[in-house]
Amino acid sequence: MATKIPPKPAQPKVRPSRPDDGESVVLERRTEKVKPPQMHMVLMLNDDYTPMEFVVVVIQEFFSKDRETATQIMLKIHLDGRAVCGVYSKDVAATKVDQVLEAARQAGHPLQCVSEPVE
Ligand code: TYC
C-alpha cells in the first residue's frame, strides 16, 4: 500500500534577494513636524451688576493672580469691556470658564466669561 507523503509545512515567505541594479531609491527620512497645541484665552466680560470685589476674588482664585494683578485685570475689564485672565490649552480654558460661571451663578451675579483661540 502506498503511503501518502505529508505536505511540507508552510515556509515563511522570504523576499528573493535581487542584485543591485542601481535603480533603487533611498527616501530621505522626514522629521515629523508636531505643531504645539492651539492655546485659548479666557476672557471675562464687563457688566453693570457684578461687584468689583467679587471679580477680583474670582481672578485670584481661578487664575492664580495676586491681589494687585487681579485688581488691574478687573479694572481693565471694567474700562475696556473685556480682558484676558489667562491663556491655556483648550480643555483647561473650558474648565476655567465653567468654574467662573458656576461661582458667579452660585453668588447670583451675571458675570460672563468666554474662551477664544489665540490667533
Ligand atoms: N462693572 C462692574 C461694576 O462697576 C465691575 C465688573 C468688573 C463687573 C469686571 C464684571 O468682569 C467684570 N460693579
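In helix α3 of this predicted model, Glu102 and Arg105 lie three residues apart and are therefore separated by about one helical turn. Their side chains meet in a salt bridge, with an N to O distance of 2.9 Å. The two partners fall into separate accessibility classes: Glu102 counts as partly exposed because its relative accessibility is 33%, while Arg105 counts as exposed at 56%. An α-helix has 3.6 residues a turn, so residues three or four places apart point the same way.

A comparable arrangement occurs in helix α2, where Lys76 and Asp80, being four residues apart, are likewise separated by about one helical turn. The side chains of Lys76 and Asp80 are joined by a salt bridge of 2.7 Å, N to O. Lys76 has a relative accessible area of 44% and is therefore partly exposed. Side chains of opposite charge can pair when their charged atoms come close.

Four salt bridges were found in a search of the whole structure. One of them joins Glu53 to Arg67, whose closest N and O atoms are 2.6 Å apart. Because Glu53 belongs to helix α1 and Arg67 to helix α2, this pair ties together parts that are 14 residues apart in sequence. Both ends are partly exposed, with a relative accessibility of 43% for Glu53 and a relative accessible area of 41% for Arg67.

A further spatial relation concerns Thr69 and Val56, which are 13 residues apart in sequence and have C-alpha atoms 8.9 Å apart in space. Thr69 is located in helix α2 and is partly exposed, given its relative accessibility of 29%. Val56, by contrast, is among the buried residues of α1.

Helix α1 itself spans residues 52–63. Its 12 residues reach 16 Å from the first C-alpha to the last, close to the 16 Å expected at 1.5 Å a residue. The buried residues of this helix are Phe54, Val55, Val56, Val58, Ile59, Phe62 and Phe63. Their cover includes strand β1, helix α2 (67–80), strand β2 (82–89) and helix α3 (90–107). Following α1 is Ser64, which has a positive phi near 50°.

The structure contains one aromatic pair. This pair is formed by Phe63 and Tyr88, with 6.4 Å from centre to centre and 40° between the planes, a tilted geometry. It links distant parts of the chain, as Phe63 lies in helix α1 and Tyr88 in strand β2, 25 residues apart. Both members are buried: Phe63 has a relative accessibility of 3%, and Tyr88 a relative accessible area of 17%. Tyr88 is assigned to the buried class because its value falls under the 20% limit.

At the surface, Met39, Val84, Val87 and Val118 make a nonpolar patch of about 260 Å². Met39 is placed in strand β1, which comprises residues 39–45. With a relative accessibility of 31%, Met39 counts as partly exposed. Residues qualify for such a patch with over 30% relative accessible area, so Met39 at 31% meets this requirement.

At the level of the whole protein chain, three helices and three strands are present. Read along the sequence, these elements follow the pattern β-α-α-β-α-β. The chain has 119 residues, of which 25% are buried. Among contacts between residues at least 6 apart in sequence, 67% join residues at least 24 apart. The Phe63–Tyr88 pair, at 25 residues apart, likewise links distant parts of the chain. The protein chain exposes about 9900 Å², and 56% of this area is supplied by carbon and sulfur atoms.

Key
Residues numbered from 1 in each chain as written. Predicted model: local features only at pLDDT ≥ 70, side-chain atom pairs only at ≥ 80, totals over all residues. Heavy atoms only, no water. Patch = residues over 30% accessible without salt bridge, like charges linked within 9 Å, V, L, I, M, F, W, Y side chains within 5 Å. Areas by Shrake-Rupley, 256 points an atom, 1.4 Å probe, with all protein chains shown as cover. Helix = DSSP H or I, 4+ residues; strand = E, 2+ residues; numbered from the N terminus. Buried < 20%, exposed > 50% of the residue type's maximum accessible area, 1.4 Å probe, protein only. Expected span 1.5 Å × (residues − 1). Contact = heavy atoms within 4.5 Å. Phe/Tyr/Trp six-rings, centres within 6.5 Å; stacked < 30°, edge-to-face > 60°.
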